[in-house]
Each structure stands twice: as structure tokens, then as C-alpha cells.
Amino acid sequence: MQQTPADTIDWDEEFGVETVERDPSTGEMPVDPYEQSNENAGAVPFEGESMAARFGGQDGIRRIVERFVDLNFADPRIAAIFEGHDEVRLRRTLFEQFCYILNAGCDYTGRDMRSSHEGLGSRKAELNAVVENLQKAMHEEGVPFAAQNRLLAKLAPMKGDVVER
């Protein structure tokens, strides 16, 4: 009969598992340094305030991002892509990106699209699923269809920086 290992063994230490400490104020995992710039958002913002208004201002944008992230993490077509990623940082940077592009008074502090998606191995079908989830989140928030399409048109050129295969 096999014996149960002693409770005193630290298996994480035994196998070299590193613990990542989240930032106590933001709850985000640390990332390598990068140059922060609004240009990293991947698109020039809309002019004026009308697009931001169609999305419900910052509050509406935040609700859309929250729902969008929830849909992506729950979607069996793409959930594996999001597993193990910093959901807190994702929610913050997506909010900043959309808020900046919609000209709702935010700056974008995240990485550029190419480096933030590098190594994910994303395919066109997976990007399509993400877009469907964004459309659903915008629809649920009552964003007019034409405004949805205008935002998607701003995001579409980023496909080359996101899809890897």
C-alpha cells in the first residue's frame, strides 16, 4: 500500500511553482514595463462627444466592458484563450481603450495590440466570437446599431495585430 506524503512538504516549492503577488491597490498582476501611450489603443478617437453619448458615457462603456469580458470568459469557443490571464487588468484596459476611442474622456494605459496579443495563437474564428460577444454586450446596453458599427469599424484594422494564425 502506498503511503500518503507528509503534510510538511511544500509541493509548490518542491516543483518550483512561483507565486505571483497582485498589486495590493489595483488587484492586477505585475507586467514587464512598457511605454504607455494613447497610440497603443490602436485607433484614433472619434471627434466630438456624440459617440460617447450613444454608448452611455463612461458608465455605459464600463457596463459594456464588464458584460463583454463576462461573455468572453464564459464562451466555450474562446474561454481557453482567457484562462490564466489577468481579468482585472483586462477589464481596466478594455474600458480605457473603448473610452479613449469613443472620446469619453479617458487615456489608454495598456500595451499596444500586437504585444498584448502576442503568443495567444488567436485565429480568425476566435476573433469573430469575440466580436459577436462585443456586439451582444453593446446591444444589451441599447447602443444603436449604427454606433456599434462605427466602433467596430475603428477596431477592425487591429485584426492583423490580434490574429496570429
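**Helices α5 and α7 in an all-helix pattern**

The buried residues of helix α7 pack against four other helices, namely α3, α4 (79-82), α5 and α8. That makes α7 a convenient starting point for a tour of this structure, which is a predicted model. The residues of α7 that count as buried are Glu-126, Ala-129, Val-130, Asn-133, Leu-134, Ala-137 and Met-138. The helix has 17 residues, and the distance from its first C-alpha to its last is 24 Å, close to the 24 Å expected at 1.5 Å a residue. Beyond α7 comes Gly-142, with a positive phi near 85°.

One residue of α7 deserves a visit of its own. Glu-126 belongs to this helix, which covers residues 124-140. Its relative accessibility is 11%, and because buried means under 20%, Glu-126 counts as buried. When residues up to four places away in sequence are set aside, Glu-126 touches Arg-77, Ile-78, Ile-81 and Gly-121. Of the helices that the buried residues of α7 pack against, α4 spans 79-82, so Ile-81 falls inside that range and is one of the residues touched by Glu-126.

Helix α5 is the next stop. Its 15 residues, 87-101, should span 21 Å at 1.5 Å a residue, and its end C-alpha atoms are indeed 21 Å apart, so the expected and modelled lengths agree. Most of this helix is covered, with 11 of its 15 residues buried. The buried set starts with Arg-89, Arg-91 and Thr-93, and continues with Leu-94, Phe-95, Glu-96, Gln-97, Phe-98, Cys-99, Tyr-100 and Ile-101. These buried residues pack against α3 (57-74), α6 (113-117), α7 and α8 (145-155). Helices α3 and α8 thus appear again, as the buried residues of α7 also pack against them.

The two ends of α5 each have a feature to look for. At the N-terminal end, Asp-86 acts as a cap, with a side-chain oxygen 3.2 Å from the backbone nitrogen of Val-88. Following the helix is Asn-103, whose phi is positive and near 60°.

Just along from there, Ala-104 sits in the loop that links α5 and α6. With a relative accessible area of 16%, Ala-104 is buried, because the cut-off for that term is under 20%. Apart from neighbours within four places in sequence, the contacts of Ala-104 are Ala-52, Gln-58, Ile-61 and Cys-99. Cys-99 is itself among the buried residues of α5. Ala-104 and Gly-56 are 48 residues apart along the chain, yet 9.5 Å separates their C-alpha atoms.

With these parts in view, the whole chain can be described. The protein chain contains 9 helices and 0 strands, and its pattern along the sequence reads α-α-α-α-α-α-α-α-α. The C-alpha trace spans about 70 × 30 × 30 Å along its principal axes. Of the 165 residues, 35% are buried. Among contacts with a separation of 6 or more, 77% are between residues 24 or more positions apart.

The surface and the charges complete the picture. The accessible surface of the protein chain is about 10,500 Å², and carbon and sulfur atoms hold 50% of that area. The chain carries 18 positive and 31 negative charges, and the mean positions of the two groups lie 11 Å apart.

Note on methods
Residues numbered from 1 in each chain as written. Predicted model: local features only at pLDDT ≥ 70, side-chain atom pairs only at ≥ 80, totals over all residues. Heavy atoms only, no water. Buried < 20%, exposed > 50% of the residue type's maximum accessible area, 1.4 Å probe, protein only. Contact = heavy atoms within 4.5 Å. Expected span 1.5 Å × (residues − 1). Polar contact = N/O pair within 3.5 Å; in protein donor to acceptor, adjacent residues only side chain to side chain. Areas by Shrake-Rupley, 256 points an atom, 1.4 Å probe, with all protein chains shown as cover. Lys, Arg positive; Asp, Glu negative; His and termini not counted. Charge placed at Lys NZ, Arg CZ, Asp CG, Glu CD.
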